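Me: Got a minute to walk through this one with me? I'd like to start with how the strands pair, then jump around a bit.

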Amino acid sequence: MLVFPALWQKAHGQTVAEEKFDFSVRALPLTEVFTRLTELQKINFSFNTGELQSIPPVTYQGTARNLREHLTAILSPTGYYFKFVGNQIVVFRPGNPPAEQPRPEQPVIVSEEIPVITDTLKTRISQVVLPQIIRDTIIKTDTIIRTDTIVRIDTVFVTPEPAQQPEPRSSLRFEPDRNSGWSAGLYAGPMFNNYAFTSADNDQAIRELVEETESVSFRNLVAGAGINLHRNDWLFSGSVQFTGFTNRFRHSYEQTTGGYYEVDTLDVYYTVVLTDTTWIYITDSSYLPLDKRNYSISQWNTFGYIDMQLGIQYTLYRKRDFRLHARSAVNIGRLIYAKGSTIDPVTGLEEIDFDALGIRKTMISWQAGIGFRQKLTDWIDITAETWYRGSVNDMFNGYPVERKYNAFGLQAGLLYYF
């Protein structure tokens, strides 16, 4: 029996293109998708592998579709087209359609007898001449493997040099490790302080008078120096700092004396009637004029402490030369001076000097803030931070009004890495 290649390929291509089947893939390269279709439909694909490598992985699911419908759905997002050429499918860009160059015609096949079978008739056809034109796409791949072996022999003379002491680090030669190392810092800045006053109910009047006479102030400052240990996003610090609190004390009051008659006894005698004795006093009186004295006090109350501060810091955000951090610390302060006056708790009106009161020598406070570090040079960072600080214990011993400081501060400084 004689075979008709061209007619058989066309019929087979039409059958494959029209046959409906289910097909699905998940996150596969497009070339691997073509491989799956080749295994299912027994058809070949022709494409440029280099171009398809830039296409993202394909995820697709189709039900009861023929090959043409599957390929249309898969290739539509990629911008590629396809075309059936014999038993092959050529995949190409819209601007580069596949070239179809006919091969030389095959020789004429002549057969004395060619059986042609249909559903209703069997006959023989003699002397049938069938020209056959086959179009195909040829992919040529060359693999070039080149191996060179180079052998080089050198004679090297090594002369040892005398041992030298390592040179000290210089910021002009290399950069320190900011993620694992040490740094020293200096910082200073102002702060806003507002005392918190509390008292028992029976001392409410004197507490209101203290609140009225002592106002809030911006004349406060902090300055210190410390050393820091860096471990990636964490920083552990210890520092010694000076903390100074200053606020205005204003108090006015009036004292009056006199304004009444003072009686003076000049002489005394008596009379006796029977058993009764009557005493008679001879007196004189003088008027004492009213005396008023007004007192007005305006001065600065100051406290000074030397603090030992222990802190921990965590980096919230970082870029190449910038870091944003959150920080908390504990302060233990030792009083070095206290000068000023407040309301006398005995009279409830006059002022009393700090020296006559029991001032607490040690103050404990906590601190929390947020800040940043910016690289300035290879060895130096500039820093800035804003924070809140509150005292744990009272500033006076035995005073009926409890006084604690609540301060907001802003400080800036420099870090030197070593």
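Me: How many bridges join S12 to S15, and do they run parallel or antiparallel?
Reply: There are 24 bridges between S12 and S15, and the two strands run antiparallel. Keep in mind that this is a predicted model.

Me: Which residue is the bridge partner of threonine 257 in S15?
Reply: Aspartate 291 in S15 pairs with threonine 257.

Me: And how many bridges join S15 to S16?
Reply: S15 and S16 are joined by 16 bridges, again antiparallel. One of the pairs puts methionine 308 opposite isoleucine 332, which is in S16.

Me: How many residues sit between S15 and S16 in the hairpin?
Reply: Three residues lie between them in that hairpin.

Me: Let's switch to rings. How many aromatic pairs are there?
Reply: The count is 20 aromatic pairs. Take phenylalanine 303 with phenylalanine 354: the ring centres are 5.2 Å apart and the planes sit at 35°, so the pair is tilted.

Me: Where do phenylalanine 303 and phenylalanine 354 lie?
Reply: Phenylalanine 303 is in strand S15 (residues 291–318), while phenylalanine 354 is in the loop between strand S18 (351–353) and strand S19 (358–359). The pair therefore ties together parts that are 51 residues apart in sequence.

Me: Is phenylalanine 303 buried or exposed? What about phenylalanine 354?
Reply: Phenylalanine 303 has 0% relative accessibility, so it counts as buried. Phenylalanine 354 is at 1%, so it counts as buried too. The cut-off for buried is under 20%.

Me: Which residues form an aromatic cluster with Phe303 and Phe354?
Reply: Phe396 and Tyr399 join Phe303 and Phe354 in one aromatic cluster.

Me: What sits over the ring of tryptophan 300?
Reply: The charged end of arginine 219 does, 4.3 Å from the ring centre. Arginine 248 also lies over the face of tryptophan 300, with 4.0 Å to the ring centre.

Me: Back to arginine 219. How far is its C-alpha from that of methionine 191?
Reply: Those two C-alpha atoms are 7.4 Å apart, and the residues are separated by 28 residues along the chain. Methionine 191 belongs to strand S10. Its relative accessible area is 2%, so methionine 191 is buried.

Me: New topic: holes. How many cavities of 30 Å³ or more are there?
Reply: The structure has three cavities of 30 Å³ or more. The largest cavity holds about 290 Å³ of space.

Me: How many residues line the largest cavity, and which lie nearest its centre?
Reply: The lining has 23 residues, and Tyr187, Asn228, Thr383, Gln411 and Leu415 lie nearest the centre of the largest cavity. The lining divides into eight nonpolar, twelve polar and three charged residues.

Me: Which strand gives the most to that lining?
Reply: S23 does, with five residues in the lining of the largest cavity. Strands that each supply at least two include S10 (180–199), S11 (217–231), S12 (234–257) and S15. S16 (322–339), S21 (380–391) and S23 (401–417) also each supply at least two.

Me: Let's look at S11. Is serine 217 buried or exposed?
Reply: Serine 217, found in strand S11, has a relative accessible area of 5%, so it is buried. Serine 217 and alanine 407 are 190 residues apart in sequence, yet their C-alpha atoms are 9.9 Å apart in space.

Me: And what about alanine 223, where is it found?
Reply: Alanine 223 is also found in S11. With a relative accessible area of 30%, alanine 223 is partly exposed. From alanine 223 to glycine 189 is 6.5 Å, C-alpha to C-alpha, across 34 residues in sequence.

Me: Last one, backbone. What is phi of lysine 42?
Reply: Phi is near 55° for lysine 42, a positive value in a residue other than glycine. Most residues other than glycine have a negative phi. Lysine 42 is placed in the loop between helix H2 (30–41) and strand S2 (44–46). At 60% relative accessibility, lysine 42 counts as exposed.

Me: And phi of alanine 64?
Reply: Alanine 64 has a positive phi as well, near 55°. Alanine 64 lies in strand S3 (residues 58–66). Its relative accessibility is 47%, so alanine 64 counts as partly exposed.

Terms used. Residues numbered from 1 in each chain as written. Predicted model: local features only at pLDDT ≥ 70, side-chain atom pairs only at ≥ 80, totals over all residues. Heavy atoms only, no water. Phe/Tyr/Trp six-rings, centres within 6.5 Å; stacked < 30°, edge-to-face > 60°. Helix = DSSP H or I, 4+ residues; strand = E, 2+ residues; numbered from the N terminus. Buried < 20%, exposed > 50% of the residue type's maximum accessible area, 1.4 Å probe, protein only. Lys NZ or Arg CZ within 6 Å of the ring centre and 35° of its normal. 1 Å grid on protein atoms, 1.4 Å probe; cavity = no way out; pocket = protein on both sides within 12 Å on 5 of 7 lines; lining within 4 Å. Points joined across faces, edges and corners; volume = space filled by probe spheres on them. Nonpolar A, V, L, I, M, F, W, Y, C, P; charged D, E, K, R; others polar. Pairing = 2+ DSSP bridges.
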